Amino acid sequence: MRNILGSEPDVDRLFNPKSIAVVGASSRPGALSWWPLHLAVTKGFAGAVYPVNPTQQELEGLKCFPSIGAIGQPVDVAVVVLNAERTPEAVAACAAAGVKAVVLPTQGLGEMGPEGEAIQAEMVANARAAGMRVVGPNTDGFANLTSGAIGSIQPLYADAMAPGPVGLVTQSGATSSSLMIRLKQHGIGCRMVVSGGNEVDLGLADYMSVMVQDPNIKIILSFVESIRKPADFLKVAELAAELGKPIVLIKVGRSEEGAKRAAAHTGALAGADALYDAMFAARGVIRVSELSELVAVAKMFLTQGAPHTAGVGIMSVSGGQAGTLADKAAEAGVPVPAISDATEERLTAALQFGKGFNPCDLTGEIAVNPGLALQVYEGFSGEPDIGTIVFARKHLTARASIVAAGLLGEHSKLPQAKPLAIYAMDGEITGEEADAYLAHGVPVYDNLNDLYGACAKLARWSAFQSDRKDRAAPAVVAPGTASYAGVVPDADTKRMLTDAGIRLAGEAFAASRDAAISAATDMGFPVVLKVVSERIAHKTEAGGVILNLADADAVGTAFDTIMANAAAYLKDGTADGVLVQEQIKDGIEMILGCKCDPQLGPFVVVGTGGIFTELLKDVAIRPAPVDLDTAKTMITSLRGYALLDGFRGAARGDVDAFAQTVVDFSTFIAREGGWLAEGDLNPVLVLEDGKGVRTVDALLVGHD
């Protein structure tokens, strides 16, 4: 096992202990403090189990010890089921006794305010000083359902929970149990399960790293409230991608309150949740929004693998439902590609009453000739743009449904067959038909949102896996030496950007009316005048930008107007002067920006500019730095890309030059991310193909 985080040996021992102690074990069946001992002795764990309770002589048929130190044998894991007042002392006793890890279901510590946080911090510091790891507090505990090693207060484990190929990590015990129940209903078991709780020591990435490296775990499912160690999580995500194991998670907390306080336009466009989306996308992590989607993706991947493309081939026992499924696919962003003429002709010949296109209505003939479904499945499987075949079925007369299920199930196992998923139009499948699909590992869905979501998300994951094999690792950028707080002076901003390779519009500073006229005359008309003041971040809002100045008189008048507007805006001061800037004609306005999160790191933001910046919020975000291919992918993903691609006969923009500017700026923010909080280049004018780009205005803001 690779030790990429340093915690892997400890977590591996946690999931595979040779001994478990329960401190505070209860004799009252059903009490939370009763469950850990009961589960440890009844679920097949082959190691030693030690109850600890000074008021009992024997529990669950085992000798009960008055203290953890009285055991006198090595203890790999101790589950401490005591209240918040008694837990710190018990943890200290475990550390003194050489226990390797403690599981703390205790509530009422760090979540109860500063006093509880201080007690919790001291408790953890003492544990770590002794080399002991901590799970929780506020955790349901852990389970290895293959070995029966369970250190948990969760009564669900008393039920028959068959182990399976899923690793489950949550930060909510209630969610963990709910998800296990859902998985069980679909015949999916977990091998390892843990609830992280407050994660004062071991956390999300620590557990995931061990699960990802377990050869019997094929997929990781997770419910995440906070990624407390993003750098560790990214390392594990990289490892999961290398090993071909999807991480599928719900990340809660989509609040954009932080964006409201952003100084830069792109700061507002790149809120905290958007940064998580970008981080997940860059590492191939699949994000979903509800528990049913977690199950849907797991069910598809574990039975059919990941489709090579999101396109679906639809065959249905109902013509009306064939259209409905196609409409729903379009709504979900899942293509329903046309099939080749040869395939269409072959399928039409097989269908007595229908046409062999996609979506395909099998007509009522399917009730007497269930082999039709197989013929269409075979035909669709040969189409390169189809990744998954969806069979919309209902109960048919006689044994037609059962026969069709058997034929489709057997064919789905052949190498040339595309992934197959069943949509149960009547809500469920029972009896022999259900058995046939289950026996052949064909997933059944009663919800098109979940089915199509699984197809689309796994197809993106599949594409990510293919691309990563051909893409070099992200460049390592040495940190810079600059340091600023608040809005960076305009001159310093432009100097740093010029040094970074960013092409700026020609300009000159003017502190007086005559100097502005002289600079404009030398530069050539038309020009733009912009206010210069460290106290004015957004010039337009202060009436500090005037365009299309065609002669000296216009420049003089504009200077007077801008200085008056600035004085009114500032109320207690005046602007330093104006910037006289060449006015670039016919460029396509784009925006390029950044957001540097203290925890998640630097991100580059590319978007459609002009009036569309905040109206459409049409942006693409990636962790910085990016390479040229990624920059081009970001640009082409924008709805506004059509403007760059010769919209309505206009000249095509210099996309290559813009992409290189994105690369250069992303390298700059990766280097300066230690002090840089946010910023934007707005507008960036993309000129006609071959003529490059010009950055007209720029704002950089340092962390306060």
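These are my notebook entries on the salt bridges in this structure.

Entry 1, ground rules. I am working with a predicted model, in which local features need pLDDT of at least 70 and side-chain atom pairs count only at pLDDT 80 or more, while totals for chains, interfaces and linings use all residues. Residues are numbered from 1 along each chain as its sequence is written, and side-chain values use heavy atoms, with hydrogens and water left out.

Entry 2, the total. I searched the whole structure for salt bridges (a side-chain nitrogen of Lys or Arg within 4 Å of a carboxyl oxygen of Asp or Glu) and found 26 of them.

Entry 3, R133 and D201. I looked up this pair and found the side chains joined in a salt bridge at 2.9 Å, N to O. R133 lies in strand 7 (residues 133–135) and D201 in the loop between strand 11 (190–195) and helix 6 (204–212), so the pair ties together parts that are 68 residues apart in sequence. Helices (H or I, at least four residues) and strands (E, at least two) are DSSP runs, numbered from the N terminus. I noted R133 as buried at 9% relative accessibility and D201 as buried at 6%, where buried means under 20% relative accessible area, exposed over 50%, and partly exposed in between (1.4 Å probe, protein chains only). Both residues belong to a salt-bridge network that also links D10, R13 and R128.

Entry 4, R287 and D273. I found a salt bridge of 2.7 Å, N to O, between these side chains, and both residues are buried.

Entry 5, E688 and K691. I recorded 3.8 Å between the closest N and O atoms of this salt bridge; E688 is partly exposed at 41%, and K691 is exposed at 53%.
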